[in-house]
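Student: I would like to learn how to read a structure like this one, feature by feature. Where do we start?

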Amino acid sequence: MREHIVVIGAGVFGAWTAHHLLQAGHQVTLLDAWGPGNSRASSGGESRLIRAAYGKDAIYTRMARDSLPQWQALSDIAGLPIFIPCGILFFFPTEEPYALDTLAAHRELGLPTEILTQAELAGRFPMIDFAGVQIGIYEPTFGALMARRSVQLLVQNFARSGGTYLTAAALPPRSSAERLSELLLDSGERIAADRFVFALGPWLPNLFPEVIGPRIRVTRQEVFYFAAPAGERRFLPDQIPGWADFNAGDMFYGFPDIEARGVKLAHDIHGAEVDPYTQDRRPSTESLDEVIAYRDRRFPLLKGALLTGSEVCQYENSSNGDFLIDFHPVWDNVLLVGGGSGHGFKHGPEVGRYAARRLLGSVEPEPRFSLASKAETHHREVH
């Protein structure tokens, strides 16, 4: 039966969910307060890594593997690339469980992942100083995604294919019944539907404070771009991969110089807790100094490089780093989707596929994505 389904939030999770619901033959309305891939959203900004290195958490390895061809298909129809096949490099100070578990999962799934010694790393990627590094894991089939561009293209294609997109802000839903029948917008307009999906990223706790509350925490994140030396080709995507320095769990990560934007570096640490409505988007001197100190140690060719840009965004961290894809505890026609926790973007296609099937009752629930698995005390377990 063809139903009318409203998806609130046109970030990567909401846009892919709307896409899969439309493909399943339903009437779908997608709305967002500021537009797809907007600068306030966790799905905004320039780029994201897509990698399948997840240690023992093979569920995300499989989701990344299955999301990749969907990203490639989107990239194939784009005027500008969505997927940059630069490869992904993880490197580690020791042969620690995360690395060994990743290799085991990749072998089981048949991924062509390579393990590299320090000497092999230095020979293949001479622009990186691998002092203190023992091994590396190289994923040749993965790379980088153009974040804002991909979400905007996905929503454009959704609308061209018969979906309805609206720029509109939803008010917190209210209903005393077991089902939600309509959504009130801040304009005063009401939208009636059979089912609803709330994929609001960092705004999900604001609309559902009693249900979610501190189970999802919003933290400030900062990334920086630096100019490579003039004429230097070793930081281009055909020379250096996207990378992550595991650094005993205190990760730094970065990207090649994609489309002349600059070499991107960031510290993957949960910053201060913020309100997504009001947080200051100016970068901090402390975060910049920290990234520069790391840059100068690992990338000698970039020492003294000019800062060419920065972005301040946010993670919406679930208590354990797992996604939230589960029904509202009262309204059985309302699905809550969020908790990207800084690693969610790459999984957008498979999150959307699972969320659509979960909403329609055609897939067994994944316990790790349940609301019941999220606590008020935070302890990050997924990297």
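Tutor: With strand pairing: two strands pair if DSSP finds at least two bridges between them. Keep in mind throughout that this is a predicted model. Here strand 13 (residues 216–226) and strand 17 pair in the antiparallel sense over 11 bridges.

Student: Which residue is the bridge partner of Arg220 in strand 17?

Tutor: Gln314 is the partner of Arg220.

Student: How many residues of strand 17 are buried?

Tutor: A residue counts as buried when its relative accessible area is under 20%. In strand 17 (residues 307–318), nine of the 12 residues are buried, so the strand is largely enclosed by the rest of the structure. On strands in general, side chains alternate between the two faces of the sheet when the strand is regular.

Student: How do I read the order of strands in a sheet, say one with strands 3, 8 and 4?

Tutor: Read the order as the sequence of neighbours across the sheet. These three strands form an open sheet in the order 3-8-4, with antiparallel pairing. Strand 3 (47–50) and strand 4 (83–84) are the edge strands, each pairing on one side only. Strand 4 is joined to strand 8 (residues 143–146) by two bridges, and in one pairing Phe83 has Leu145 as its bridge partner.

Student: Which helix lies across strand 3 and strand 8?

Tutor: That is helix 5 (residues 147–160), which runs at about 55 degrees to strand 8.

Student: How do I check the length of a helix, for example helix 2?

Tutor: Compare the expected span with the distance between the end C-alpha atoms. Helix 2 (residues 58–76) has 19 residues, and at 1.5 Å a residue it should span 27 Å; the end C-alpha atoms are 28 Å apart, which agrees.

Student: Where does helix 2 bend?

Tutor: The bend is at Ser67, by about 25 degrees, and a proline, Pro69, follows within four residues. Ser67 is also one of the buried residues of helix 2, which include Tyr60, Met63, Leu68, Trp71 and Leu74.

Student: How many disulfides does the structure hold?

Tutor: For a disulfide, the two cysteine sulfur atoms must lie within 2.5 Å. The structure holds zero disulfides. The cysteine sulfur nearest to that of Cys86 belongs to Cys313 and is 19 Å away. From the side of Cys313, the nearest cysteine sulfur is that of Cys86, again at 19 Å. As for burial, Cys86 counts as buried because its relative accessibility is 6%, and Cys313 is buried at 18%.

Student: Is Arg295 buried or exposed?

Tutor: Apply the cut-off to the residue, whatever its type. Arg295, which lies in helix 7 (residues 285–298), has 2% relative accessibility and therefore counts as buried. Leaving out residues up to four places away in sequence, Arg295 touches Phe226, Leu265, Pro300, Leu302, Lys303, Gly304 and Ala305.

Student: What about distance along the chain and distance in space, for Arg295 and Glu350?

Tutor: They are two separate readings. Arg295 and Glu350 are 55 residues apart in sequence, and their C-alpha atoms are 34 Å apart in space. For Ser176 and His267, the separation is 91 residues along the chain and 44 Å between C-alpha atoms.

Student: Are loop residues such as Ser176 and Asn333 buried or exposed?

Tutor: Check each one by its own value. Ser176, in the loop between strand 9 (164–167) and strand 10 (182–184), is exposed at 85%. Asn333, in the loop between strand 18 (324–327) and strand 19 (334–338), is buried, with a relative accessible area of 0%. Beyond residues up to four places away in sequence, its contacts are Arg179, Leu180, Asp194, Arg195, Phe196 and Leu359.

Student: What should I look for in phi values?

Tutor: Most residues other than glycine have a negative phi. Ala248 has a positive value, near 60 degrees, and Ser341 has a positive one near 55 degrees.

Student: Where are Ala248 and Ser341?

Tutor: Ala248 is in the loop between strand 14 (242–245) and strand 15 (252–255), and it is exposed at 64%. Ser341 is in the loop between strand 19 and helix 8 (348–360), and it is buried at 3%.

Technical notes:
Residues numbered from 1 in each chain as written. Predicted model: local features only at pLDDT ≥ 70, side-chain atom pairs only at ≥ 80, totals over all residues. Heavy atoms only, no water. Contact = heavy atoms within 4.5 Å. Axes fitted to C-alpha atoms, helices over the stretch in contact; angles between N-to-C directions. Expected span 1.5 Å × (residues − 1). Bend = angle between axes of the 7 residues up to and from the residue. Buried < 20%, exposed > 50% of the residue type's maximum accessible area, 1.4 Å probe, protein only.
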